[in-house]
Amino acid sequence: MTKKSRYRFVSKHQEVLQLGAAVLFLLLVGLYASLTGASTAGLATSAMWLLIVAAAVGAYMAMNIGANDVANNMGPAVGSGAMTMGWAIVVAAVFEALGAIVAGGDVVGTIKGGIIDPNAISDPALFAWVMFSALLAGALWLNLATAVGAPVSTTHSIIGAVMGAGIAAGGWGLVNWETIVQIVISWVISPLAGGAMAAAFLYIIKRSVTYRSDMIDAASRVVPILIAAMVWAYTTYMLLKGLGQMVQVGVPTAMGAGVVLAVVVWALIRKPIARHARRQENSKNGVNRLFTWPLVCSAALLSFAHGANDVANAIGPLAAIYEAVKDGAIATKAGTPLWIMVLGALGLAVGLALYGARLIRTVGKEITELDNMRAYAIAMSATLTVIVASQLGMPVSTTHISIGAVFGVGFLRELLKVNYAKMERVVRSGHQGADRDVVEAYLSRFEAAEVSEKKRMLADMKRLAKQRELAQPEDAVFAKKEQKAFKKAYKKEIVKRSVVMRIVAAWIVTVPATAVLAALLFYVVRAVLN
């Protein structure tokens, strides 16, 4: 057996084992639901079967959320090398489950963002089937997106599904179109805001640390401030989002608490970071090592907050179905039994463990090359953008923000690369006719120089090039063919456009695709029941 054939055999074997484990988990969920959730006194047989199947579909949805959405939190940390894939999956699974159980809340809103008016559906059984169709449609779409390697918004998936099933059940007037318009606007705002903020953070790090001749000395002063800023951002984020169901605080209080904790952390880590920095080599790799543990902690906290918030996308509709079949009531907010919360938490962890590696690899490695400093900028961008959007009342997607931040970091790198190529052309023009060793030595000094020194060196090169142009016009600049070849060498795309287009296309079609799928599923269910 050749190496290629052996790889295919192992890959197929692994896929069979993953599928088997997933099916076994869903069967166990259905069995548990029949013994626990479906043991309600007086429950009709048809209602019991609906709840059992809905529990399995809810677990299926939670698995797909774990497989797709968690990549936003862990992708940058894995892509930068701060965490291995194995440890990322373990940490994310634990913190996702903890967030879902500890901070998921006793009450989960089932009609996300007021998408449909439940009062327009008077029959509890019909309402239950609307939620079931939406849940299954959202899960199927996430499964497809994960299979093709496209990180999409799980919230938008369930929103589109609820909208489509609601239209199928009660007509177009059932939908809150103002909310839908806000969601469409967020498709543009979320990635642009995330990308712009991530690029800004990365540029600040470059100007304050890596563009200095003594990077380690600069890092010993700047990195503690950057870590303190991260502490402030994450404290505010956790109080507002991650622990929002347990602790109700306003934005000023959350930000104030973040400032206090950030100052304390800065005072505690300032000297240890400086000592650790002095043990590193004066290079970008040395600076990157200072960001490792902050990235690990940020990924864990983001996973906790994600589990607390997005588990509702799986168990919210399930909670509504439970209320409808148990009490014959239609609730816009449904009290969620502990067994349903645990089901959602386990589904997130199982889906991540079985299928999360693919999307983590896409986010962390396939869009653009990441290191610890770039991953830090992405993490800060995602957190701050969500905080600002929440304060402004803007419905943004954390998935779109995180992926937009990865795009922003990549495109900034392209811009800086092109700009450096232009400066290098100026240096070579100023050294026209000089020995190659002399040119390369000057370029090495130029690359290591600080920004102010680079400007002075460029000015010298421009003056020399001008003097040569006046003295020897035919030799002063590169020949046209040489210039084209030089430009082409720096035209390499740092951000993979094919991956970007695939992800953006998936974002655009998520809401309409899940809406159509949910409507079709509802029509099928109603035809079968009738």
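The lining of the largest cavity in this predicted model comprises 9 nonpolar and 4 polar residues, with no charged residues among them. The space in this cavity amounts to about 80 Å³. Its lining is made up of 13 residues, of which Asn73, Pro76, Leu302, Ala375 and Ala379 lie closest to the centre of the cavity. Three elements, helix H3 (71-80), helix H11 (292-310) and helix H14 (372-392), give two or more residues to this lining. Of the residues closest to the centre, Asn73 and Pro76 fall within the range of H3 (71-80), Leu302 within that of H11 (292-310), and Ala375 and Ala379 within that of H14 (372-392).

The model contains 2 cavities of 30 Å³ or more. The second largest cavity holds about 50 Å³ of space. Leu202, Ile205, Lys206, Lys284, Asp371, Met373 and Arg374 form its lining. By class, this lining has 3 nonpolar and 4 charged residues and no polar ones. The charged residues are Lys206, Lys284, Asp371 and Arg374, and the nonpolar residues are Leu202, Ile205 and Met373.

At least two residues of the lining of the second largest cavity come from each of helix H7 (177-210) and H14. H7 makes the greatest contribution to this lining, with 3 residues. Leu202, Ile205 and Lys206 lie within the range of H7 (177-210). Helix H14 thus appears in both linings: it gives two or more residues to that of the largest cavity and at least two to that of the second largest.

Terms used: Residues are numbered from 1 along each chain as its sequence is written. This is a predicted model: local features need pLDDT of at least 70, side-chain atom pairs count only at pLDDT 80 or more; totals for chains, interfaces and linings use all residues. Side-chain values use heavy atoms; hydrogens and water are left out. On a 1 Å grid over the protein atoms alone, a cavity is a set of points where a 1.4 Å probe fits but cannot get out, and a pocket is an open set with protein on both sides within 12 Å along at least five of seven lines; lining residues have an atom within 4 Å of a point. Grid points are joined across faces, edges and corners, and a volume is the space filled by probe spheres set on the points. Helices (H or I, at least four residues) and strands (E, at least two) are DSSP runs, numbered from the N terminus. Ala, Val, Leu, Ile, Met, Phe, Trp, Tyr, Cys and Pro count as nonpolar, Asp, Glu, Lys and Arg as charged, and the others, Gly among them, as polar.
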